[in-house]
Amino acid sequence: MLCAKYRDFLRWNIYQIYPRSFMDANGDGIGDLRGILSRLDYLKDLGINAIWLCPCYLSPNDDNGYDISDYREIMPEVGTMEDMDRLIAALHERDMKLIMDLVPNHTSTQHAWFQTSRQGRDNPYSDFYYWSDTVPNTWQSVFRGSAWAFDDVRGQYYLHSFALTQADLNWENPAVVRAMQDIVDFWVDKGVDGFRIDVIDMISKDMAAGKNGLGPRLHEYIRALFGREKTAHLFTVGESGVQDLEEMLRHCAAERNELSTLFLFDHLDVGRKDKFTPKPDTLLSLRDRLLRWQRESEANDVLHALFTDNHDNSPLLSRIADDGEKRYESATLLAAMVYLLKGVPFIYQGQEIGMTAAHYDSISDFDDIETHNAYREFCAEMTPEEALEKINFGSRDNARHPMAWDGSATAGFTSGTPWLALHSRFRDINVQADLASEKSVYRFYQALLSLRASAPAFLDGTLTVLSRPEDPFFVFTRSAEDTCDAVVCNFEEPREITLPFPCACPVLSNHKRTTLHGLYPAYGCAVARVHA
Ligand code: GLC
Ligand code: CA
């Protein structure tokens with residue numbers, strides 16, 4: 001059984017906001033904190049009770065805020081510290097939580113630490129980063145090219161696992177650990193309720209084994225951040241490259257006082273060979289990947305993070321289901337398949353209206369640094385048209401277009417000029433149109449989240465899978481002390497599904513039906529109370 005603290009976290013319905021692209025309040029074309037404030041009631045109505053904000057700290061924005069130049073300041077594009085204080089208060093007034101994004105692996109090269117560090121080898125910040133006279137290994141940056149760059153000022157190479165301007169912090173230096181603890185404490189004192197921790201596994205390197213991450217001191221560092229009295233109440237979710245059970249347990253077994261949960265990514269690889277290359281796939285493979293971690297988490301009393309989308313990936317909907325004619329059915333089916341399992345739900349902005357991947361004819365419609373680096377590389381190997389096709393498929397900008405609030409010229413996002421091209425389908429897919437439609441994805445999510453809140457089985461209840469591995473559909477029950485609820489998720493083709501027990505009339509479905517038994521349309525799903 002999950003510990004009491006984690007059982008409580010199961011009630012958090014978390015919504016991820018990409019601040020630049022959520023809502024612009026002052027007309028400069030960039031989303032901001034006051035914009036978020038103006039939409040809290042929209043989120044509350046959806047059933048959201050916690051938000052995760054992607055980084056809003058001071059930053060030159062080479063990687064949209066993941067390159068931080070001051071962890072204690074708010075970037076002027078999104079607002080001021082007063083706006084942040086107001087947002088925290090407004091959230092708490094509504095009984096909502098705030099999760100901040102902590103980036104401990106690297107800072108911007110504009111950060112005062114780096115600016116001092118590069119001055120020489122004998123100042124207090126000299127050893128805050130990895131410096132070397134020669135290129136010590138062949139590590140590659142996640143954004144392409146060598147992970148080592150020469151700095152003219154210091155006359156040495158520094159490590160950057162991401163962009164040139166994101167220098168990796170040297171956690172071997174105890175002063176770095178202390179500095180990051182102070183930053184966590186600063187935000188805890190402001191009242192934040194939790195952290196999402198960026199590439200947490202990379203903070204400990206294993207230079208000897210040539211591994212940029214999952215190094216020997218990783219767990220010591222995580223405990224230094226979050227295993228303290230001051231941080232014991234926090235909800236923490238780490239972004240991780242973890243793939244095996246043992247390592248997962250080392251991160252989030254409750255008694256270790258490290259992280260509450262982890263984002264595990266293997267299910268996001270359905271429908272793609274790599275980030276920029278599609279692969280034919282079916283919902284079966286999504287189901288199998290989801291179930292693997294459901295079983296592991298259940299057997300080991302670990303809190304699981306349920307998600308399909310984030311700011312680094314194009315929407316799963318477009319990769320694995322029908323984002324055309326059956327868009328509503330596909331979006332709602334995915335929601336039922338994922339968010340009625342056991343774990344803490346994370347919903348990415350736009351998912352609640354069934355937003356899809358976008359499509360553009362020109363590379364100039366893209367902004368993301370990873371996208372531009374990849375495009376340059378692709379162009380050396382293929383025609384620009386082929387390269388653009390790959391970019392349209394895999395670009396992170398697919399998830400970063402301004403939120404489409406309505407079908408007007410600027411999508412209701414801003415009164416000015418949006419910082420990034422509006423989504424290519426915003427005239428059809430937007431909040432206003434969704435709410436006016438009989439097939440509203442928002443209302444389905446709303447009903448689903450209210451079901452989670454009212455039926456105890458969907459929180460802590462036992463998961464039993466009734467369909468067989470080879471069935472092209474997914475049927476499961478969640479049962480608590482004296483209730484049992486069944487979920488039927490049909491996949492790509494219409495078919496008859498019969499269950500071995502009588503059920504009440506469905507409490508949730510994405511098509512009209514009065515019983516769980518019988519014919520399901522493609523992507524049909526339904527949920528009902530089961531009578532023993
Ligand atoms: C994480 C973030 C991503 C960012 C990278 C570097 O993967 O989710 O957006 O670019 O870390 O901080
Ligand atoms: Ca703005």
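Asp28 is partly exposed, at 38% relative accessibility, where partly exposed lies between buried, under 20% relative accessible area, and exposed, over 50%, with a 1.4 Å probe and protein chains only. Asp24, in contrast, is buried, with a relative accessible area of 4%.

A word on the source: this is a predicted model, in which local features need pLDDT of at least 70 and side-chain atom pairs count only at pLDDT 80 or more, while totals for chains, interfaces and linings use all residues. Residues are numbered from 1 along each chain as its sequence is written, chains are lettered from A and ligands numbered from 1 in the order in which they are written, and side-chain values use heavy atoms, with hydrogens and water left out.

Both aspartates serve as donors to the calcium ion (ligand 2): the protein donors are Asp24 (OD), Asn26 (OD1), Asp28 (OD), Ile30 (O) and Asp32 (OD), lying 2.2 to 2.4 Å from the ion. Donors here are N, O and S atoms within 2.8 Å of the metal (3.2 Å for Na, K and Ca), and water is not among the atoms, so sites may look incomplete. The spacing of the donor residues in sequence is D-x1-N-x1-D-x1-I-x1-D.

I turn next to Asn212, in the loop between β11 (194-197) and α7 (218-226); helices (H or I, at least four residues) and strands (E, at least two) are DSSP runs, numbered from the N terminus. Which side chains make polar contacts with that of Asn212? Ser161 does so at 2.8 Å, and Lys205 also at 2.8 Å. A polar contact is a pair of N or O atoms within 3.5 Å; within protein, one must be able to donate a hydrogen and the other to accept it, and residues adjacent in sequence count only if both atoms are side-chain atoms.

Finally, the cavities. A cavity is a set of points on a 1 Å grid over the protein atoms alone where a 1.4 Å probe fits but cannot get out, and lining residues have an atom within 4 Å of a point. There are four cavities of 30 Å³ or more. The largest has a volume of about 180 Å³, volume being the space filled by probe spheres set on the points, which are joined across faces, edges and corners. Of its 20 lining residues, Gln349, Gly350, Met355, Asn398 and Ala399 are the closest to its centre. The second largest cavity holds about 100 Å³, and α11 gives the most to its lining, with three residues. Among the residues lining this second cavity are Thr308, Asp309 and Met355.

Key: 1 Å grid on protein atoms, 1.4 Å probe; cavity = no way out; pocket = protein on both sides within 12 Å on 5 of 7 lines; lining within 4 Å.
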